[in-house]
Each structure stands twice: as C-alpha cells, then as structure tokens.
Amino acid sequence: MSRRRRRSDVTTFSLSFLDVIACGFGAIVLLLVLTKIGEPGALEQAQEDLSGQVLALEQELFEIRGETKVLERRLTTRVEQTSEEKERIARLRGDLSELRGEFAATRQLSEVQDILQGRLLAAQQELSEEMKRLQAQTTYRRPKDAPIGGIPVDSEYIIFIIDTSGSMQRHAWPTVLRKMEQVLDAYPKVKGMQVMNDMGQYMFTSYAGKWIPDTPSRRRAILRSLSGWSPFSNSSPVEGIERAIRTYARSGEKISLYVFGDEFTGDSVDEVLETVARLNRRRGDEGRRVRIHAVGFPTTFIAGGISGRTGVRFSTLMRALCAQNDGTFVGLNSLR
C-alpha cells in the first residue's frame with residue numbers, strides 16, 4: 001500500500017514537471033517565432049534608411065567633386081594671374097633700372113653742361129673790348145620783312161582758311177592750334193584779321209565782311225574759339241579761298257591768306273587755278289593782290305582708314321596755287 005502511493009506521487013510530480021518544462025519551451029519557441037516575424041520589417045526599414053544615406057552621401061560627393069573642379073579652375077586662374085603679375089613686376093623693375101640709368105646719365109650730362117656753360121661764361125668775360133666791338137659789328141639782324149620759314153611776313157592783313165572736316169578734327173586739331181598760334185606770333189601787329197573755314201563760313205559772324213581788330217584779347221579769343229570750332233566742311237578749300245578774295249582783296253592793301261587743310265575733293269585742279277587767277281589779278285610790278293600760303297596736314301597718309309588720294313590732290317593744288325599767287329606751301333611730315 002505504501003509502495004503504490006509512493007510510486008503514484010513520483011509519477012504525478014514527474015508529469016507536472018514535464019508539463020511546466022513543455023510550457024516553458026513552448027513559450028520560448030513562441031517568442032522566437034514572434035521575434036523572427038518582426039525582423040524582416042526592421043531589416044527592410046534599415047535597408048531603406050541605409051540606401052537613403054548612401055544616396056545622400058553620393059550626392060554630397062558629387063557636389064564636393066564639382067566644387068573641387070571649380071576651385072581647381074580658380075586656383076589655375078590665380079596661378080596664371082600671379083605669373084603675369086610677376087612678369088609685369090619684372091618688366092617694371094627693368095624699366096625702373098633703365099630710368100635710373102637714364103637719370104644718372106642725364107644728371108652727369110647736366111653736370112657736364114653746367115661745367116661747359118661756366119667755362120663759356122668765363123671765356124666770354126675774358127673777351128677784350130676790341131673783340132666785343134667786332135662781335136657787335138658782325139651780329140646778324142633779320143630784316144623786318146624777311147621771310148620766316150620761307151613764308152614772307154610783310155602783309156598788313158591776314159586771313160585764315162581752315163579745313164574743319166572730320167579728318168582734321170579727329171587727327172590734326174591740336175597741331176592746327178599750334179600752327180595757328182605760330183603764324184599769329186610771326187605777325188606781332190597787323191591792321192586786321194579774319195578767320196573762315198574752307199566753306200567760307202566766318203568764325204565770328206559779327207565780323208562778316210569786315211576785319212577783326214588785332215588786339216591781344218582778340219587773338220586769345222580766336223585761339224579759344226578755334227579749339228571747339230567745327231562747322232560743316234566738304235574737305236575742299238576752294239569755296240573759302242574764292243570768298244575771301246572776292247570780299248577782301250583791295251588795291252593798295254597787303255593781304256596774306258593762309259590755308260590749313262589736308263584734302264581736296266574738288267573736280268579739277270586746273271579749274272581752281274584759273275578761277276583764282278581771274279579773281280586775284282596782278283597789280284603791275286606789285287604782284288598779286290593777295291598772297292596765298294598753305295600748310296598741309298598729313299592726315300591721309302598717317303591716320304588709318306583714310307585714302308591718301310585726296311591728300312595728294314590737296315598738295316598738288318596748294319603747291320601750284322601758292323606758286324601762282326606769290327606764296328609758300330609747307331607740307332608737314334608729322335602731326336606731332
């Protein structure tokens with residue numbers, strides 16, 4: 001009886017223990033199953049997150065590579081600019097060295113000139129009275145009416161015929177102003193003046209048909225007005241010359257007419273010479289009533305884009321016209 005109960009107790013305990021163990025294993029298996037079911041979603045989400053990060057990193061890499069290329073180009077440009085600046089600095093240093101050498105040479109030359117000038121002054125001071133007297137007797141004095149630069153300056157009235165065309169305005173106007181001032185300086189005092197352009201238009205309309213009084217203020221006004229004077233011109237001085245002779249040529253008056261120009265666009269040189277010869281007749285042994293001088297400006301030969309043919313025709317006309325009318329033609333070889 002006791003043995004049976006003892007065996008029964010052991011069996012009952014063993015089955016319950018097994019049940020507990022089985023339930024535990026079942027719970028563990030269920031947990032494992034549930035865990036495995038949730039893992040694929042987490043893995044997919046993690047893969048998506050990683051793919052997004054990879055794409056973002058690749059985009060950043062592309063942007064960094066683009067910025068790197070831009071920076072490399074800028075760096076190359078900076079390096080080239082630096083090389084150019086270094087070359088420029090080297091050239092400037094060379095120029096500076098040359099200038100220093102020229103300055104030193106000029107300074108030495110100036111010192112030599114000062115020494116020579118001092119010796120010359122000392123030698124002049126040592127001249128005897130007899131030598132001074134002989135020197136005074138042999139000193140040349142220019143006659144009052146002697147020509148300057150081959151141009152006679154014995155006239156009492158002067159007229160300027162100035163070509164105001166575009167070629168003269170663009171290329172020769174500063175030289176025109178200088179030559180105008182030089183001619184005025186060659187005539188310290190005259191009875192009257194007049195300024196017209198090659199078309200016969202007056203610079204000062206209030207003096208049309210009359211003489212401009214010769215005063216220092218009037219001379220300054222002429223030069224001042226000439227600097228900005230630009231009436232229409234056909235690049236031919238014929239109209240201005242004919243009008244000046246018809247208006248101002250009078251017997252007993254010494255008149256010089258100065259033509260400043262660079263081109264002749266007229267039809268015939270011979271026709272102009274014949275017309276002027278009729279207007280400016282000779283007065284016996286006194287010659288023509290008006291001397292005609294001319295200054296030719298080489299714009300058609302120096303300035304680019306201008307045909308030299310009209311410049312050659314101007315020179316041909318003015319040489320013949322000046323020779324025919326007791327004047328002188330001066331052809332400039334430079335606009336400086």
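Is Phe-17 buried, partly exposed or exposed, and what is its relative accessible area? Phe-17 turns out to be partly exposed, at a relative accessible area of 47%. Welcome to a short tour of this protein, which comes to you as a predicted model. Of its 336 residues, buried ones make up 32%.

**Overall fold**
- The protein has 9 helices and 5 strands.
- If you read along the sequence, you meet these elements in the pattern α-α-β-α-α-β-α-α-β-α-β-α-α-β.
- Helix α1 covers residues 2-125.

**Nonpolar surface patch**
- Phe-17, which sits in helix α1, belongs to a nonpolar patch on the surface.
- Its partners in that patch are Leu-18, Ile-21, Phe-25, Ile-28 and Leu-32.
- Together, the six side chains' residues offer about 600 Å² of accessible area.
- Phe-17 can count towards this patch because its relative accessible area of 47% passes the cut-off of over 30%.

**Negative surface patch**
- A patch of negative charge on the surface brings together Glu-80, Glu-84, Glu-85 and Glu-87.
- Glu-87 is another residue of helix α1.
- With a relative accessible area of 48%, Glu-87 is partly exposed, so it also meets the patch cut-off of over 30%.

**Cysteines**
- The count of disulfides is 0, taking a pair of cysteine sulfur atoms within 2.5 Å as the rule.
- Cys-23 is exposed, and its relative accessible area is 57%.
- Cys-322, by contrast, is buried, with a relative accessible area of 1%.

How values were computed. Residues numbered from 1 in each chain as written. Predicted model: local features only at pLDDT ≥ 70, side-chain atom pairs only at ≥ 80, totals over all residues. Heavy atoms only, no water. Patch = residues over 30% accessible without salt bridge, like charges linked within 9 Å, V, L, I, M, F, W, Y side chains within 5 Å. Areas by Shrake-Rupley, 256 points an atom, 1.4 Å probe, with all protein chains shown as cover. Salt bridge = Lys/Arg side-chain N within 4 Å of Asp/Glu carboxyl O. Lys, Arg positive; Asp, Glu negative; His and termini not counted. Charge placed at Lys NZ, Arg CZ, Asp CG, Glu CD. Helix = DSSP H or I, 4+ residues; strand = E, 2+ residues; numbered from the N terminus. Buried < 20%, exposed > 50% of the residue type's maximum accessible area, 1.4 Å probe, protein only.
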